[in-house]
Each structure stands twice: as C-alpha cells, then as structure tokens.
Amino acid sequence: MPPLALPLLAVGCALLLLGAPGALGCGPGRVIGRRPRPPRLIPLSYKQFLPHVPEKTLGASGRYEGKIARNSERFKELTPNYNPPNYNPDIIFKDEENTGADRIMTQRCKDRLNSLAISVMNQWPGVKLRVTEGWDEDGHHSDESLHYEGRAVDITTSDRDRNKYGMLARLAAEAGFDWVYYESKAHIHCSVKSEHSAAAKTGGCFPARALATLESGMKIPIAELKPGHRVLCMDEAGRRSYSDFLTFLDRDSAAVKEFYVVETRDPPRRLALTAAHLLFVADNFTVPLTDFSTVFASHVRPGQYILTEGVLGLQPARVVSVTTQTDSGAFAPLTSHGTLLVDDVVVSCFAVVQKHKLAQLAFWPLRLYHSVGRLETQPEGMHWYSRLLYRLGKLLLMKEQFHPLGMPSTKS
C-alpha cells in the first residue's frame with residue numbers, strides 16, 4: 001500500500017461520512033445528523049410479486065439453467081441446510097418425501113432463507129419459518145421450475161396463519177430473495193439467482209474490448225488505457241468534455257464474466273457492463289441531461305433513455321433491449337470527472353452504491369493523489385483504495401443503497 005494510503009483513506013472516510021449523515025451517531029452520546037427511520041413494511045397482496053417482472057428474467061432470478069439430479073456434476077453446487085454448524089433450528093422443513101430434498105439448495109438460497117428465519121422470529125415471537133417445498137428431484141413442478149435447481153422454496157409460517165403470509169412475502173423480499181411471489185393462499189414462493197449469475201457482485205466493470213474515445217478522436221480498448229490519456233466524458237453541466245484517465249478501480253484481464261448488454265436504436269449503441277455498474281438513465285427523453293439519474297445496469301429497462309454520443313453531441317437514446325452475454329476481461333476506469341463514454345454511451349466510473357455524487361466525493365482524495373503527478377499502473381485486482389472504502393461503506397451505509405447482489409469481493 002502506498003505511504004499516503006492512510007491519510008487518503010482518512011479523508012475519504014470523512015467525505016463518505018459527510019455524504020451519509022444517516023450513518024452517523026451510531027454509538028452512545030450526542031447523535032450527529034438524523035438517523036432515518038426504517039421504512040414501514042407493507043405486506044404483499046395476493047398474487048403480487050416482487051420485483052414486478054417475470055421470475056426467469058434478468059431483473060429477477062434469471063433464466064433456467066437445467067435440472068439438477070443427485071448423480072449430476074452440478075449437484076455439487078447444492079448444499080444441505082442441516083449439517084452442523086450450518087443447521088438452523090429456526091426453520092421447519094416439511095420434508096414430505098422423507099428424503100431431505102427440501103433442505104438441499106444453493107448457497108445463495110440458504111443464506112437468504114436463514115436470514116428470513118431470523119426476521120420471522122423478530123416479527124412474530126414464538127413463530128418459525130416453515131419450508132414446504134425446496135429442491136425437487138421428482139418432477140412435481142412445472143417445466144423449467146427453479147425448484148429443480150435448488151434455487152426456489154415455498155414457505156409458510158409454522159403456525160400456518162394465512163393472515164401472516166402477506167407480511168411473510170414482504171420479509172422474504174427484505175431478506176434478499178431475488179423474486180418473491182404471493183402465489184397461493186397456502187404458501188409464498190421465493191427464488192434466487194444462480195450462483196453463476198450472482199458472481200456479477202464482484203463490482204462494476206466493462207469487458208476488455210469495450211472502447212473509450214481519446215482526445216485525438218481515436219478509439220482504443222479500455223484495457224489499453226494508461227495514465228496520461230485523456231478520454232471523452234460528460235462534465236457536471238451535461239456537456240461533452242475530456243478528462244484525465246487516472247487508474248483502474250478494478251482490473252482483471254483473465255476474468256470471464258456475465259455482462260448486461262444495453263442496446264439503443266436511434267442512434268444505434270451497444271454497451272456491455274456488469275450488473276452493479278451505474279448508468280445515467282431517465283424515463284423521458286425531454287428530461288435535461290443534468291437530471292438523468294444513476295441506475296444499476298441490471299435495473300435498466302427497455303423504454304427508458306440513456307445518454308449517448310450523437311451527431312450534435314450528447315443526446316438521449318431509447319433502450320430497445322437488455323440482454324446478457326459472457327465476455328472476457330473486467331476493467332473499471334477512473335477519470336477526473338467521474339464519468340466517461342464507453343462504446344459511445346455515457347457511464348459513471350462507479351458501481352455497487354447507487355449514488356454517483358457520493359462516490360465522486362468519496363474518491364476525491366484518490367483523484368487528487370493522481371492529479372498531482374502520482375501516476376501509477378494499477379496491478380491486477382481491485383484498487384486498494386476502492387477495497388478499503390467499500391468495506392467502510394458496508395459499515396456506514398444502509399443496505400438499500402447497495403446493489404441487490406451485494407458488495408464486491410474484496411480479494412485482490
């Protein structure tokens with residue numbers, strides 16, 4: 001770590017605290033700033049589902065990847081929810097097949113289920129979470145059901161009080177299930193993304209072959225950016241500008257990742273980026289460019305507008321499709337402005353936390369460090385400043401401010 005690491009991080013921490021007053025005053029004594037009240041939980045209505053998209057789409061639990069049998073190689077992806085020390089006594093498994101199948105699930109599903117069990121106990125003392133269906137190896141569900149992959153559970157409360165099920169569904173959504181459906185008067189259906197899809201939680205990046213535009217007009221792959229390059233970006237007034245490339249906040253040349261692909265038609269643009277990266281988005285093309293808000297790539301929907309390079313400068317372009325693809329390399333560049341154009345689309349340099357201005361503020365010490373001539377070539381892995389700042393943010397910021405897939409890996 002560079003010798004200025006601790007002073008830089010200290011300043012970044014202070015800026016992050018200033019930008020997040022709700023996280024201050026966590027201990028006894030005088031409270032600085034106002035702590036926001038926890039949001040009031042509203043029960044789901046019968047047949048309501050969250051998020052408001054079909055289960056096997058990008059914005060929910062994702063596509064079906066194939067049935068898992070006990071003798072298949074993918075069975076190793078599943079984990080039992082009963083072996084000590086992982087046994088959770090606060091969950092009742094119906095296990096009507098008497099095979100233990102309901103206790104077998106992906107790690108992501110188990111983590112969400114165990115978290116929900118705690119919420120149920122807190123909401124209704126003396127009541128436990130009950131699982132009526134988990135992994136299905138007998139073909140009792142519809143074709144391409146996520147039960148066949150250990151990614152879905154049907155749940156009730158232990159007292160089988162149907163008046164509680166609407167709130168149970170809400171608690172499941174709060175616990176982090178990627179899709180929750182008040183499917184039946186007799187149970188709630190919950191599912192999660194596959195472990196492969198959830199791997200997108202390793203921050204926000206672009207594939208190696210994505211193009212940035214230099215001040216000379218030349219387009220080069222992002223992987224080839226070096227300190228001293230000036231790249232096309234958007235300034236605070238929503239105008240085309242050029243900004244110094246400083247370093248990579250994350251860099252993994254060997255990575256193979258799933259990227260979201262956002263496409264527009266007029267002008268035609270195609271941008272690939274990871275789920276947690278921030279894009280400037282608006283629901284209406286008449287919104288001033290400065291009023292476009294940052295949204296996670298995985299939350300962008302067809303019909304919305306993103307900012308692109310056009311004939312007359314930056315202009316809104318209507319999103320016509322959002323798909324996924326696997327690509328190689330993962331690069332997250334940082335510029336002085338905190339923005340740049342990648343494949344002629346305006347993007348934020350930041351990810352994971354849905355507050356571009358807060359991130360720009362927190363990374364100010366690092367930008368200052370580089371602007372005074374401290375040029376460096378970022379080695380493979382996440383930048384040390386990003387890694388420490390993300391850890392701090394996880395302690396100080398509310399869960400709702402992070403991408404649903406969670407914090408990036410802090411391993412470098």
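This is a guided tour of one protein model, stop by stop, with a selection to make at each.

**The whole chain**

Start with everything shown. The model is predicted, and numbering runs from 1 along the chain as its sequence is written. The protein has 7 helices and 20 strands. Of its 412 residues, 53% count as buried. Among contacts between residues at least 6 apart in sequence, 66% join residues at least 24 apart.

**An open sheet**

Next, select strand 1 (49–50) and strand 3 (91–93), which are the edge strands of an open sheet, each pairing on one side only. The sheet has 6 strands in the order 1-7-8-6-5-3, and its pairing is mixed. Strands of a sheet pair through backbone hydrogen bonds, either parallel or antiparallel.

Which way do strand 3 and its partner, strand 5, run? Add residues 129–133, which make up strand 5: 3 bridges join the two strands, and they run parallel. To see one of the residue pairs, pick isoleucine 92, whose bridge partner in strand 5 is arginine 130.

**Strand 14**

Move on to residues 277–282, which form strand 14. Is this strand enclosed or open? Of its 6 residues, 6 are buried, so strand 14 is largely enclosed by the rest of the structure.

Show the side chains. In a regular strand the side chains alternate between the two faces of the sheet. Here His277, Leu279 and Val281 point one way, while Leu278, Phe280 and Ala282 point the other way. The residues on both sides are buried.

Now bring in the neighbours of strand 14, one at a time:

- Strand 15 is joined to strand 14 by 4 bridges, and the two run antiparallel. Leucine 278 stands opposite phenylalanine 296 of strand 15.
- Strand 16 (residues 305–310) is joined to strand 14 by 2 bridges, again with an antiparallel run. Look for alanine 282 and its bridge partner in strand 16, tyrosine 305.
- Strand 19 (residues 345–351) also has 2 bridges to strand 14 and runs antiparallel to it. Histidine 277 stands opposite alanine 351 in strand 19.

**Two nonpolar cores**

Keep Leu279 on screen and add Ile222 and Leu225. Within the largest nonpolar core, which has 48 residues, these three touch the most other members. Strand 12 (residues 240–265) supplies the largest share of this core, with 7 residues.

Centre the view on leucine 225. Leaving aside residues up to four places away in sequence, leucine 225 touches Ala212, Leu214, Ile220, Val231, Phe245, Phe248 and Pro333.

Then select Ile91, Phe93, Leu113 and Tyr182. These residues are among the members of a second, separate core of 29 residues. Ile91 and Phe93 fall within the numbers of strand 3 (91–93), the edge strand seen earlier.

**The second largest pocket**

For the last stop, select Glu236, Phe280, Thr290, His356 and Lys357. What do these residues lie nearest to? They lie nearest the centre of the second largest pocket, which is lined by 19 residues. Phe280 has appeared before, as a buried residue of strand 14. Rolling a probe the size of a water molecule over the atoms shows where empty space is left. In this pocket the space comes to about 480 Å³.

Two elements give two or more residues to the lining: strand 15 (293–296) and helix 5 (356–362). Helix 5 gives the most, with 4 residues. Colour the lining by class to finish: 5 residues are nonpolar, 10 are polar and 4 are charged.

Technical notes
Predicted model: local features only at pLDDT ≥ 70, side-chain atom pairs only at ≥ 80, totals over all residues. Heavy atoms only, no water. Core = buried A, V, L, I, M, F, W, Y, C linked by side-chain atoms within 4.5 Å. Buried < 20%, exposed > 50% of the residue type's maximum accessible area, 1.4 Å probe, protein only. Contact = heavy atoms within 4.5 Å. 1 Å grid on protein atoms, 1.4 Å probe; cavity = no way out; pocket = protein on both sides within 12 Å on 5 of 7 lines; lining within 4 Å. Points joined across faces, edges and corners; volume = space filled by probe spheres on them. Nonpolar A, V, L, I, M, F, W, Y, C, P; charged D, E, K, R; others polar. Pairing = 2+ DSSP bridges.
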